[in-house]
Amino acid sequence: MKKIIIAIDGFSSCGKSTMAKDLAKEVGYIYIDSGAMYRAVTLYSMENGIFEGESIDRERLRRELERVNISFRFNPETGRPDTYLNGVNVENRIRTMAVSAKVSPISALDFVREAMVAQQQAMGREKGIVMDGRDIGTTVFPNAELKVFVTASPEIRAQRRFEELKAKGQEADFDEILANVKQRDDIDQHREVSPLRKADDALLLDNTNLTIEQQKAWLMERFREAVNDGAENTDNNPKDRD
């Protein structure tokens with residue numbers, strides 16, 4: 001079966017990562033969490049004094065960015081990949097509200113996005129990947145065979161994030177989370193470099209009122225359609241057989 005690239009974009013806390021991880025596991029693809037990469041850079045910046053209050057020492061981050069090595073390793077206990085920062089598992093640390101509050105300003109920096117996009121494109125050269133984020137279908141893989149843009153109401157997304165943090169035993173305040181969700185939406189949509197937007201050829205999925213099982217079924221059907229369409233195009237185009 002022909003392998004494709006699947007790009008899943010959308011707003012924060014709308015379940016992109018869960019969808020992408022489950023689909024990748026189901027179809028045997030590699031899952032890449034682009035958001036985790038920006039969170040890892042944010043965590044590095046927070047732990048190494050690159051943040052000065054709310055401001056960022058951009059020149060220092062630019063110099064040190066080449067030292068920031070981000071990788072993913074499969075966790076057999078969860079059945080999903082964990083994020084590693086310079087060889088250390090930081091999966092739980094990058095999901096805290098402290099990191100969430102600072103990730104948008106970091107991800108808006110042009111040189112950070114340039115470095116992360118280059119790494120992401122290298123990961124996708126062989127295809128057979130599912131990647132989620134904010135600009136996967138518009139900037140990272142504009143020619144992806146399947147693009148999905150996910151959205152849900154801010155209140156629903158905040159509630160999901162609240163429940164996720166509580167389940168992990170972390171402190172959580174719904175109003176703080178809702179304010180963070182709305183703030184990130186505004187920053188992500190209005191940043192100068194690769195703003196969050198739906199690609200013209202992306203399929204829209206509003207999962208406000210959908211169950212996880214309904215999302216899985218919808219996404220699997222779209223995957224089958226994309227793979228079959230790719231196979232048909234290959235059969236009908238002699239150039240693809242060269």
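This report walks through three helix pairs and a handful of single residues in a predicted model.

## Helices that pack together

Two packed helices are described by the angle between their axes and the distance between the axes. The table sets out these values for three pairs.

| Helix pair | Angle between axes | Distance between axes | Citation |
|---|---|---|---|
| H2 (residues 34-47) and H5 (residues 110-123) | about 140 degrees | 11 Å | |
| H4 (residues 97-107) and H8 | about 20 degrees | 9 Å | |
| H7 (residues 154-167) and H8 | roughly 125 degrees | within 9 Å | |

Let us begin with H2 and H5. Their axes are 11 Å apart and make an angle of about 140 degrees, so the two helices are oblique to each other. The handedness of this crossing is right-handed. From H2, the residues Ser34, Met37, Tyr38 and Val41 take part, and they meet Val112, Arg113, Met116, Val117, Gln119, Gln120 and Met123 of H5. Sorted by class, the residues of this contact are seven nonpolar, three polar and one charged.

Helix H8 turns up in both of the other pairs in the table. How do H4 and H8 lie relative to each other, given an angle of about 20 degrees? Angles under 35 degrees count as roughly parallel, and H4 is therefore roughly parallel to H8. Their crossing is left-handed. On the H4 side the contact is made by Met97, Ser100, Ala101, Val103 and Ser104, while H8 supplies Glu176, Ile177, Asn180, Arg184, Ile187 and Asp188. Five of the residues in this contact are nonpolar, three are polar and three are charged.

With H7, the picture for H8 is another one. The axes of H7 and H8 come within 9 Å and cross at roughly 125 degrees, which means that H7 is oblique to H8. This crossing is right-handed. H7 brings Pro154, Glu155, Arg157, Ala158, Gln159, Arg161, Phe162 and Leu165 to the contact, where they meet Phe174, Ile177, Leu178, Val181, Lys182 and Asp185 of H8. The classes here are eight nonpolar, one polar and five charged residues. Ile177 of H8 is worth picking out: it is listed in the contact with H4 and also in the contact with H7.

## Lys198 and its surroundings

Now for some single residues. Lys198 sits in the loop that links helix H8 (174-190) to strand E10 (203-206). Its relative accessible area is 32%, so Lys198 is partly exposed. Which backbone oxygen does the side chain of Lys198 reach? It is the one of Ala202, at 2.9 Å. Beyond its neighbours within four places in sequence, Lys198 is in contact with Phe149, Leu203 and Leu204. Lys147 is 51 residues away from Lys198 along the chain, yet their C-alpha atoms are separated by 9.2 Å.

## Thr151 in strand E9

Thr151 belongs to strand E9 (residues 146-151). Is Thr151 buried or exposed? With a relative accessibility of 17%, Thr151 counts as buried. Apart from neighbours within four places in sequence, Thr151 is in contact with Phe11, Cys14, Leu204, Leu205, Asp206, Asn207 and Thr208. Leu204 thus appears among the contacts of Thr151 as well as among those of Lys198.

## Gly79, between two strands

Gly79 is found in the loop between strand E5 (70-75) and strand E6 (80-85). Gly79 counts as buried because its relative accessibility is 13%. Leaving out neighbours within four places in sequence, its contacts are Lys25 and Phe74. The C-alpha atom of Gly79 is separated by 9.6 Å from that of Asp22, a residue 57 places apart from Gly79 along the chain.

## Two residues with positive phi

Most residues other than glycine have a negative phi. Against that background, two loop residues deserve a look. Ser13 has a phi near 60 degrees, a positive value, and lies in the loop between strand E1 (5-10) and helix H1 (16-27). Ser13 is partly exposed, its relative accessible area being 23%.

Lys127 likewise has a positive phi, near 60 degrees. The loop that holds Lys127 runs between H5 and strand E8 (129-133). With a relative accessible area of 33%, Lys127 is partly exposed.

Methods. Residues are numbered from 1 along each chain as its sequence is written. This is a predicted model: local features need pLDDT of at least 70, side-chain atom pairs count only at pLDDT 80 or more; totals for chains, interfaces and linings use all residues. Side-chain values use heavy atoms; hydrogens and water are left out. Helices (H or I, at least four residues) and strands (E, at least two) are DSSP runs, numbered from the N terminus. Buried means under 20% relative accessible area, exposed over 50%, partly exposed in between (1.4 Å probe, protein chains only). Contact means heavy atoms within 4.5 Å. A polar contact is a pair of N or O atoms within 3.5 Å; within protein, one must be able to donate a hydrogen and the other to accept it, and residues adjacent in sequence count only if both atoms are side-chain atoms. Axes are lines fitted to C-alpha atoms, for helices over the stretch in contact, and angles run from 0 to 180 degrees between N-to-C directions. Angles under 35 degrees count as roughly parallel, over 145 as roughly antiparallel, 65 to 115 as roughly perpendicular and the rest as oblique. A crossing is left-handed if the near helix is turned anticlockwise from the far one by less than a right angle, and right-handed if clockwise. Ala, Val, Leu, Ile, Met, Phe, Trp, Tyr, Cys and Pro count as nonpolar, Asp, Glu, Lys and Arg as charged, and the others, Gly among them, as polar.
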